[in-house]
Amino acid sequence: MLVLTRKSNQSIMIGDDIEISVLAIMGEKVRIGIQAPRSVPIFRREVYVEIQEDQETGEASGDVGRALEGLKSDTG
């Protein structure tokens, strides 16, 4: 794991297309922004784990897939 220290208004690059920016620091909370191509899915870890578990058990329905597509289009 690479560990970096960043201050507010600083960022890191992942490859050529993904930029992670520290927008604000409020106590123990850090507000980050992610700029990436629309083709790159971005989820909070707990949501990602839930999606993976649903896919493994075969419970993912068309409605969930459409909802996830809607979420991806709203984040860009």
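Strands here are DSSP runs of E at least two residues long, helices are runs of H or I at least four residues long, and both are numbered from the N terminus. Keep in mind throughout that this is a predicted model.

**The whole chain, before we zoom in.** The protein chain has 2 helices and 3 strands. Follow it along the sequence and you'll meet them in the pattern β-β-β-α-α. Of the 76 residues in the chain, 9% are buried. The chain exposes about 6600 Å², and carbon and sulfur atoms supply 51% of that. What share of the contacts between residues at least 6 apart in sequence joins residues at least 24 apart? For this chain it comes to 11%.

**The open sheet and its strand order.** Here the 3 strands sit side by side as an open sheet, in the order β1-β2-β3, with antiparallel pairing. Which strands are at the edges? They're β1 and β3, each of which pairs on one side only. Ignoring direction, neighbouring strands of this sheet are turned by 25° against each other on average.

**Where β1 meets β2.** Zoom in on this pair and you'll find 4 bridges joining β1 to β2, with the strands running antiparallel. To pick out one of those pairings, start at Met13: its bridge partner in β2 is Glu19. The two strands make a hairpin, with 3 residues between them. Look for Gly15 in the turn, where phi is positive, at about 65°.

**Where β2 meets β3.** On to the next pairing: β2 and β3 are joined over 7 bridges, again in the antiparallel sense. Met26 is a handy place to start, as its bridge partner in β3 is Lys29. This pair is a hairpin too, with 2 residues between the strands. Gly27 is in the turn and has a positive phi of about 65°.

**Asn9 and its positive phi.** Step back along the chain to the segment before β1, and there's Asn9. What's worth a look at Asn9? Its phi is near 70°, a positive value in a residue other than glycine. As a rule, most residues other than glycine have a negative phi. Asn9 counts as exposed because its relative accessibility of 68% is over the 50% cut-off.

**Ser21 and its contacts in β2.** Ser21 is in strand β2, which covers residues 18–26. Is Ser21 buried or exposed? It's buried: its relative accessible area is 19%, and the cut-off is under 20%. Leaving aside residues up to four places away in sequence, Ser21 touches Gln10, Ser11, Arg31, Ile32 and Gly33.

**Arg31 in β3.** One of the residues that Ser21 touches is Arg31, which has its place in strand β3. Arg31 counts as exposed, with 53% relative accessibility. Which residues does Arg31 touch, if you skip those up to four places away in sequence? They are Ser21, Val22, Leu23, Ala24 and Met26. Also worth finding in this view is Ser8: it is 23 residues from Arg31 along the chain, yet the C-alpha atoms of the two are separated by 9.0 Å.

**A nonpolar patch on the surface.** Ile25, Val30, Ile32, Ile34 and Ile42 form this patch, and together they have about 410 Å² of accessible area. Where does the largest share of the patch come from? That would be strand β3 (residues 29–35), which supplies 3 residues. Ile42, another member of the patch, lies in the loop between β3 and α1. Its relative accessible area is 33%, so Ile42 is partly exposed.

**The salt bridge between Glu46 and Arg44.** Side chains of opposite charge can pair when their charged atoms come close. How many salt bridges does the structure hold? There is 1. It links Glu46 with Arg44, and the closest N and O atoms are 2.9 Å apart. Glu46 is partly exposed, with a relative accessible area of 49%, while Arg44 counts as exposed at 56% relative accessibility.

Methods: Residues are numbered from 1 along each chain as its sequence is written. This is a predicted model: local features need pLDDT of at least 70, side-chain atom pairs count only at pLDDT 80 or more; totals for chains, interfaces and linings use all residues. Side-chain values use heavy atoms; hydrogens and water are left out. Buried means under 20% relative accessible area, exposed over 50%, partly exposed in between (1.4 Å probe, protein chains only). Contact means heavy atoms within 4.5 Å. Patches are made of residues with over 30% relative accessible area and no salt bridge: like charges are joined within 9 Å, nonpolar side chains (Val, Leu, Ile, Met, Phe, Trp, Tyr) within 5 Å. Accessible areas come from the Shrake-Rupley method with a 1.4 Å probe; for residues, only the protein chains shown count as cover. A salt bridge is a side-chain nitrogen of Lys or Arg within 4 Å of a carboxyl oxygen of Asp or Glu. Two strands pair if DSSP finds at least two bridges between them. Axes are lines fitted to C-alpha atoms, for helices over the stretch in contact, and angles run from 0 to 180 degrees between N-to-C directions.
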